[in-house]
Amino acid sequence: MVKVLLACTGSVATIKIPEIIEKLKETLLAVEIRLVVTENAKHFVDLSKLDVKIYSDSDEWNNWSKIGDPILHIDLRNWADIYVISPLDANTLGKLASGICDNLVTCIARAWSIHEKPLIFCPAMNTLMWKHPATDKNIAVLKEWKYIEVPPIVKKLACGDEGIGALASVDSIVSCIAHNCS
Ligand code: PCO
């Protein structure tokens, strides 16, 4: 049984999460999936329609009142065999690269031990944001830490622009996960 911890952030490409979950179940067969969402990701997906355990920032705070209570980001990082942030929006990319951990998704990343378990990230953002010099710098940092990138592709984007920045295909994301979780 492979335990996949999937995270999504505030990119419109979060609309692809149901497809990613379906394809993962189809491909990996013996897989348990948990999903972590940022507050902004909630704008793009109907969580009530997903058949996986879902966690967000409020779970972190509501489950803790005293020393000895569970710390959700540590429990999830211990539970998972692989962490997949897809889509990774421009804001979360910047946060990860500078070590910021101000929500459940980024706290899990900060507590992740990359030499023990893989972390895959799949950026998705508007072409203009992708072309900002911060992007190359941030991605270089994540790669230096041995995080695995599934790079964005050229496509017609949600805002109507055509260009680089669209989330990689569901097939390529799922095959990267399958390749790295055995
Ligand atoms: C657009 N921003 C975006 C984000 C990246 N886009 C994508 C694709 C989706 C549709 O196929 C949304 C998955 O276009 O990943 O479009 C403008 S600010």
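Biologist: Where does Pro87 lie, and what makes that stretch a strand?

Modeller: Pro87 lies in β4, residues 82-88. Helices (H or I, at least four residues) and strands (E, at least two) are DSSP runs, numbered from the N terminus, so β4 counts as a strand. Keep in mind that this is a predicted model, where local features need pLDDT of at least 70, side-chain atom pairs count only at pLDDT 80 or more, and totals for chains, interfaces and linings use all residues. Residues are numbered from 1 along each chain as its sequence is written, and side-chain values use heavy atoms, with hydrogens and water left out.

Biologist: Why is the peptide bond from Ser86 to Pro87 called cis?

Modeller: Its omega is near 0°. Most peptide bonds are trans, and most residues other than glycine have a negative phi.

Biologist: What is the phi of Leu29, and where does this residue lie?

Modeller: Leu29 is not a glycine, yet its phi is positive, about 55°. You will find Leu29 in the loop between α1 (17-28) and β2 (31-37).

Biologist: How do you know whether Leu29 is buried or exposed?

Modeller: Buried means under 20% relative accessible area, exposed over 50%, and partly exposed in between (1.4 Å probe, protein chains only). Leu29 has 71% relative accessibility, so it counts as exposed.

Biologist: And what about Lys146, buried or exposed?

Modeller: Lys146 has 55% relative accessibility, and therefore counts as exposed too. Lys146 also has a positive phi, about 75°, and its place is in the loop between α7 (133-144) and β6 (148-149).

Biologist: Now to the ligand! Which residues come nearest?

Modeller: Of the 14 residues around the ligand, these are Ala13, Lys155, Ala158, Cys159 and Leu167. A residue is near a molecule if one of its heavy atoms lies within 4 Å of it.

Biologist: What makes the approach of Leu167 to the ligand a polar contact?

Modeller: A polar contact is a pair of N or O atoms within 3.5 Å. A backbone N or O atom of Leu167 lies 2.7 Å from a ligand oxygen, so the pair fits that limit. For Lys155, a side-chain N or O atom is 3.0 Å from an oxygen of the ligand, which means this pair fits as well.

Biologist: How many residues of the shell are nonpolar, polar and charged?

Modeller: The shell has 8 nonpolar, 3 polar and 3 charged residues. Here Ala, Val, Leu, Ile, Met, Phe, Trp, Tyr, Cys and Pro count as nonpolar, Asp, Glu, Lys and Arg as charged, and the others, Gly among them, as polar.

Note on methods:
A polar contact is a pair of N or O atoms within 3.5 Å; within protein, one must be able to donate a hydrogen and the other to accept it, and residues adjacent in sequence count only if both atoms are side-chain atoms.
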